[in-house]
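This report covers a predicted model. Please look at the sequence and structure below before reading on.

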Amino acid sequence: MTIRVLIADDQMMVREGFSVLLNAMPDIEVVGEAVNGRQAIERVRELAPDVVLMDIRMPELNGIEATREIVAADGTAKVLVLTTFDLDEYVYQALRAGASGFLLKDASARQLADGVRVVAAGEALLAPTVTRRLITEFSKLSEAPRLMPSAQAAYGDLTERETEVLVLIAQGLSNSEIAGRLVVAESTIKTHVSRILVKLGLRDRTQAAVFAYEARLVTPG
């Protein structure tokens, strides 16, 4: 199946460059572009893309607010945040808003295409080093977010093994790596991850990682 992509960036050269790179892939099609967050929301409604490449800093409505609205209104579109620096101060906020991960604008054609595929498949695009450097740092810099009562109750429903898996997700481990660490089948880990997401009411592994930091299950540093 072809992955349908929408590119939201206020720089024409970025939009055109990414369009050329992605359209060259046999399994990816750029179905539209947006020059600001407001237009991105409208294009998602019109075009129903699988993945939105979202720049954070745009006029009229920034990528964070646009991501929040898209995630709240659409249950299928995944948002992949575009940023110039891997420690952009707004990336953590974008992840909390529901983005499935982030990608540097200087990524290679292969990294760009692979990132789109990973996010479209429902996985988080966060390498272990990024998870530690980014989420940890911004969990400290954010205004000490506290879990809502409903989230605290949901966290209490997790089993000991599910909590263990959640911590490993927050550390950036893949399903296969978690399976190896816990010496169980990868299919078992997939089941645990699915149950964790359902119990906590989360969309994907990225939100699960953010939840783990905000629940103080993982110590920053």
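## Helices on the sheet

Helix H5 covers residues 109-120. Helix H5 lies across S1, S2, S3, S4 and S5. Its direction runs at about 120° to S3.

## Sheet order and edges

The sheet is open and has five strands. Their order is S2-S1-S3-S4-S5, with parallel pairing. Strand S2 (28-34) and strand S5 (101-104) stand at the edges. Each has a single partner strand, so one side of each lacks a neighbour in the sheet. From one strand to the next, the twist averages 25°.

Helix H2 (residues 37-47) also packs on the sheet. Helix H2 touches S1, S2 and strand S3 (51-55). The direction of H2 makes about 135° with that of S2.

## The S4-S5 pair

Strand S4 spans residues 78-83 and runs parallel to S5. Four bridges join the two strands. Within this pair, Val81 stands opposite Phe102 in S5.

## Asp9 and its surroundings

Asp9 sits in the loop between strand S1 (3-8) and helix H1 (12-23). Is this residue, Asp9, buried or exposed? Asp9 counts as buried because its relative accessibility is 0%, and the cut-off for buried is under 20%.

The Asp9 side chain has two polar partners to inspect. It reaches the backbone nitrogen of Gln11 at 2.8 Å. A polar contact of 3.0 Å also links the side chains of Asp9 and Lys105. Beyond its neighbours within four places in sequence, Asp9 is in contact with Val14, Arg15, Ala34, Val35, Asp55, Met58, Leu82 and Lys105.

Definitions and conventions
Residues are numbered from 1 along each chain as its sequence is written. This is a predicted model: local features need pLDDT of at least 70, side-chain atom pairs count only at pLDDT 80 or more; totals for chains, interfaces and linings use all residues. Side-chain values use heavy atoms; hydrogens and water are left out. Buried means under 20% relative accessible area, exposed over 50%, partly exposed in between (1.4 Å probe, protein chains only). A polar contact is a pair of N or O atoms within 3.5 Å; within protein, one must be able to donate a hydrogen and the other to accept it, and residues adjacent in sequence count only if both atoms are side-chain atoms. Contact means heavy atoms within 4.5 Å. Two strands pair if DSSP finds at least two bridges between them. Axes are lines fitted to C-alpha atoms, for helices over the stretch in contact, and angles run from 0 to 180 degrees between N-to-C directions.
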